[in-house]
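Colleague: I would like a close examination of one part of this model, taken together with its surroundings. Please give the criteria behind each term as you use it.

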Amino acid sequence: MSKSNLQKVLESGAFAVTGELGPPKSAEREVIEHHASYLNGKVDSVNITDNQTAIVRTSSIACGKIILDMGIEPNIQITCRDRNRIAIQSDVLGAAALGIKNILCLQGDHATFGNEPQAKNVNDLDSINLISTLKKMRDEQELLGGDKLEAPLNIYIGAVANPFADPFEYRVHRLAKKIEAGADFIQTQAIFDMERFERWMEQVRALGLHKKAHIMAGIIPLKSLGAARYMKNNVSGMLIPDHIIDRLKGAKDKKAEGVKIAVEMIEHIKTIEGVAGVHIMAVAWEEIVPEICERAGLLPRPTFD
Amino acid sequence: MIVGERKPLAEIIKAVEPYEKILILGCGECVTVCLAGGDREARETALALSIARQKAGKSVQVKSHTVERQCEYEYLESARELVEEADVVVSLACGVGVQTMNMYFEQKQTLPGLNTTFMGMPVKQGVWMENCLGCGDCVLEETLGICPIARCAKSMLNGPCGGSQDGKCEVSKDIDCAWHLIIERLMRFNKLDNIAEVKPPKDWSTSHHGGPRKTIREDVKL
Ligand code: SF4
């Protein structure tokens, strides 16, 4: 069965690059295509968020199909917040039938953060259960309940890790559990506190986890001081040290400084043993991704026949 | 215990508007302890209700009474006379008590005067905390007495989500992250191994998700 492009890149040992798109609050195909066009050819696969921060947006699978039609490989995010195991397994089959191969498993931000705060949070499965469910569907050709799938399922399973959440000492063990459950690749929360990320990677290497799954480091280019402050104060599980805020504060051209910080971080990350790539989350600032990739020496992207 | 909060008076006033003879019925168990629906609250509610009605210039006859336990038929008999002479009963018991009343005194309507909030405990004076969801399959042995189903906002089974910071839940700084507490406790007893293995998806059929539950004990059945 044919592997996803992301899988090929990661397995080739090349330093992988993924991007991210947030679907619009509308059914406008052109909007999705416009944002995606900046990423075409610059990254190996593009994450499509699943109602991120519990805000209702166009479905990640639908957007995945739209960018697939443009020749861009999607990486569909699935959270446990909105669907039970029946809906999730059905959607995974549907996504695969549409040609989507990468699926990223997340727990999902609590609904109280979003624009439907009265919603029931489903959480039938937790994110680790979700990973093992997908693995079972793929490797054993079986649904969670034991029913057999009528044909093999071809998916590449991703998970997230947040080295900046607490309790810090436990984080690496949670990663180990995700890999044990079946995660093939990992994308981390955006890194700003490099020192903490390095400490976490040390623990990852000590347990040999970087040899069991491909670990990609998260990058968010900061567009403005306001954006940085907002994330520092309002985004759960995000740590932005003061020295980053100060750097932006001192800069004349905030955007240029934000890009510079991102490029420097990528260059540094490339030198850390066990990191297999970067995941660049420039949601609503996709147009900057080509420049960051160029300056960080990530282009051209490898191709496979 | 079962914790509840009395409904706002305005809501109760509106619910009993069509009735003249009203009985406010308290319960002597959990809701007495959580200061929401015991004898004192029944008297206070009755008084407030009659003052409000009098102010509005409408006649009313409000009585209050409290039974030892509203969730069992045998304790309800003592209130029969008062229930029968009333047009309507407002129960200050939990939802279980309200339903027991409606089943026992079928001919009479008993309305809820309380919002039943959760199963929990007082953590300090005036503060109650939810800590059990009654899922029907207890995991407290593994998590050393801290329930991830009730106390984690996402009912996670395999450790903390990425939103846990400084021991607090991503939902609110006022909520402790249950998983942070569990991990601290496991470390204290050197039992992190309890959660080392991937826990399979939960069987929710033993909880309310499987439909209303019934417990049948053949050994004590008559
Ligand atoms: S922060 Fe802790 S308690 Fe809150 S949802 Fe995440 S794991 Fe659960």
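Modeller: The account below begins with one helix and its approach, and then moves outward to other parts of the two chains.

This is a predicted model, in which local features need pLDDT of at least 70, side-chain atom pairs count only at pLDDT 80 or more, and totals for chains, interfaces and linings use all residues. Residues are numbered from 1 along each chain as its sequence is written, chains are lettered from A and ligands numbered from 1 in the order in which they are written, and side-chain values use heavy atoms, with hydrogens and water left out.

The part chosen is helix α6 of chain A, residues 168-181. Helices (DSSP runs of H or I, at least four residues) and strands (runs of E, at least two) are numbered from the N terminus. From first to last C-alpha, the 14 residues of α6(A) reach 21 Å, close to the expected 20 Å; the expected span is 1.5 Å times one less than the number of residues.

The approach to the helix contains a cis peptide bond, which joins A:D166 and A:P167 with omega about -10°. A:P167 itself is located in the loop between β5 and α6 of chain A. Just after the helix, A:G182 takes a positive phi of about 135°.

α6(A) is mostly covered, with 10 of its 14 residues buried. Buried denotes under 20% relative accessible area, exposed over 50%, and partly exposed the range in between (1.4 Å probe, protein chains only). The buried residues are A:F168, A:Y170, A:R171, A:V172, A:R174, A:L175, A:K177, A:K178, A:I179 and A:A181. Within chain A they pack against α5 (127-139), β5 (156-161), β6 (185-190), α7 (194-206) and β7 (214-219), and in chain B they pack against α8 (178-188). Contact here means heavy atoms within 4.5 Å.

Two of these neighbouring strands are also joined by an aromatic pair. Over all chains there are 4 aromatic pairs, where rings of Phe, Tyr and Trp (its six-membered ring) pair if their centres lie within 6.5 Å, and planes under 30 degrees apart count as stacked, over 60 as edge-to-face and the rest as tilted. A:Y156 and A:F185 count as stacked because their ring centres are 5.2 Å apart and their planes stand at 25°. A:Y156 belongs to β5 and A:F185 to β6 of chain A, so the pair ties together parts 29 residues apart in sequence. Both A:Y156 and A:F185 are buried.

Helix α5, another neighbour, holds A:L134, which counts as buried because its relative accessibility is 1%. Apart from neighbours within four places in sequence, A:L134 is in contact with A:V92, A:I103, A:C105, A:I155 and A:I157. The C-alpha atoms of A:L134 and A:L93 are separated by 10.0 Å, although these residues are 41 apart along the chain.

The packing against chain B leads to the interface as a whole. There, 28 residues of chain B are in contact with 31 residues of chain A. About 2300 Å² is buried between the chains, 54% of it from carbon and sulfur atoms; buried area is the accessible area (1.4 Å probe) that two parts lose on being put together, summed over both. B:N158, B:Q165 and B:P201 supply 24% of the area that chain B buries against chain A, more than any other three residues.

Next in sequence to B:Q165, B:D166 has a positive phi near 55° although it is not a glycine. B:D166 occupies the loop between α7 and β8 (168-169) of chain B and counts as exposed because its relative accessibility is 66%. B:L144, likewise not a glycine, has a positive phi near 55° and lies in the loop between β7 (127-132) and α7 (148-151) of chain B. In its case the relative accessibility is 14%, so B:L144 counts as buried. Most residues other than glycine have a negative phi, and most peptide bonds are trans.

A further cis peptide bond runs from A:L299 to A:P300, with omega near -5°; A:P300 lies in the segment after α11 (289-295) of chain A.
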